[in-house]
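Me: I am new to this structure. Please pick one part of it and look at it closely. Then link that part to its surroundings.

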Amino acid sequence: MSNKEELKKKVIMGVDPGTTAMGYGVITVIGNKLNLVCLGTVQLNKLPDAYAKLKKIYEKVSALITSYKPDEFAIEAPFYGKNPQSMLKLGRAQGVAIAAAASFDLPVTEYAPKKIKQSVTGNGNASKHQVAAMLQQILKYKESPKFLDATDALAAALCHHYQSKNPLSAGGHKDWGAFIKANPGRVK
């Protein structure tokens, strides 16, 4: 890898979609250095109905993309709970956020909550508080956000960075044999 490639700046935006609150986080990656750009939440619980919430999600994601100009977009996948109606609402929120990213031609990657937790803490069953604490250590920021939706979104962005550095996941290879077959010049 040349020095130019190492110093290339990449901006990754992460989103944790929700119907009462949507978390967002943006990081930059320059070489191996990670920097927190922003994180926060959008409170949706006071909006009059589901359609107003979806509109707000679309507008906020679009505004964040316009402001921070991410190169890539990572989003937490909805997880199956006991209530199918909640899952449907969460899926709509996720779809609207993805549509906003797609309208800017951003590559979108979806990660399961366990995958995000595993990538950030090493434990797929880590609590939201453990994820938040690990993010503070990795990205070296002091203030804890008021809502953990923000750190969940930041964790999605960091997970995406870690996954894109993994040669297996970056090329869509299912195992090392497939990677080696597709990249014979990279094996010594």
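Reply: Buried means under 20% relative accessible area, exposed means over 50%, and partly exposed lies in between (1.4 Å probe, protein chains only). Ser62 is buried, because its relative accessible area is 12%. That residue is a good place to begin.

First, some ground rules. This is a predicted model, where local features need pLDDT of at least 70, side-chain atom pairs count only at pLDDT 80 or more, and totals for chains, interfaces and linings use all residues. Numbering runs from 1 along each chain as its sequence is written, and side-chain values use heavy atoms, with hydrogens and water left out.

Ser62 belongs to helix H2. Helices (H or I, at least four residues) and strands (E, at least two) are DSSP runs, numbered from the N terminus. H2 itself covers residues 50–68. What does Ser62 touch, once neighbours within four places in sequence are set aside? The partners are Ala100 and Phe104. Contact here means heavy atoms within 4.5 Å.

Ala100 sits in helix H3, on the side of a wider contact with H2. H3 spans 84–103. The axes of H2 and H3 come within 9 Å and cross at roughly 35°. Such axes are lines fitted to C-alpha atoms, for helices over the stretch in contact, and the angles run from 0 to 180 degrees between N-to-C directions. The crossing of H2 and H3 is right-handed. Right-handed means that the near helix is turned clockwise from the far one by less than a right angle, left-handed anticlockwise.

Who takes part? H2 brings Leu54, Ile57, Tyr58, Val61, Ser62 and Ile65. H3 answers with Arg92, Ala93, Val96, Ala97, Ala99, Ala100, Ala101 and Ser103. By class, this H2 and H3 contact holds 11 nonpolar, 2 polar and 1 charged residues. Nonpolar covers Ala, Val, Leu, Ile, Met, Phe, Trp, Tyr, Cys and Pro; charged covers Asp, Glu, Lys and Arg; the others, Gly among them, are polar.

Now follow the chain out of H2. Lys69 lies in the loop between H2 and strand E4 (72–76). Lys69 is exposed, because its relative accessible area is 58%. Apart from neighbours within four places, Lys69 is in contact with Val11 and Leu64. How far is Lys69 from Leu106, C-alpha to C-alpha? The gap is 9.6 Å in space, against 37 residues along the chain.

Follow the chain out of H3 as well. Asp105 occupies the loop between H3 and strand E5 (108–111). Its phi is near 60°, a positive value in a residue other than glycine. Most residues other than glycine have a negative phi. Asp105 is exposed, with a relative accessible area of 70%.

Helix H4 (residues 113–121) meets two partners. One is helix H5 (residues 128–139), packed at about 40° with the axes 9 Å apart. That angle makes H4 oblique to H5: under 35 degrees counts as roughly parallel, over 145 as roughly antiparallel, 65 to 115 as roughly perpendicular, and the rest as oblique. H4 and H5 cross in a left-handed way. Lys117, Val120 and Thr121 of H4 touch Gln130, Val131, Met134, Leu135 and Ile138 of H5. This contact has 5 nonpolar, 2 polar and 1 charged residues.

The other partner is helix H6 (148–165). Here the H4 and H6 axes come within 9 Å and cross at roughly 75°. H4 and H6 are therefore roughly perpendicular. Lys115, Ile116, Ser119 and Val120 of H4 meet Ala155, Ala156, Leu158, Cys159, Tyr162 and Gln163 of H6. The classes are 7 nonpolar, 2 polar and 1 charged.

Lys140 sits in the loop between H5 and H6. Its phi is also positive, near 55°. Lys140 is exposed at 70% relative accessible area.

One strand residue is worth a stop too. Ile30 is in strand E2 (residues 21–30). At 32% relative accessibility, Ile30 is partly exposed. Its C-alpha is 4.6 Å from that of Lys9, 21 residues away in sequence.

Last, the setting. The protein chain has 8 helices and 5 strands, in the order α-β-β-β-α-β-α-β-α-α-α-α-α. Of its 188 residues, 38% are buried. Among contacts with a separation of 6 or more, 58% join residues 24 or more positions apart.
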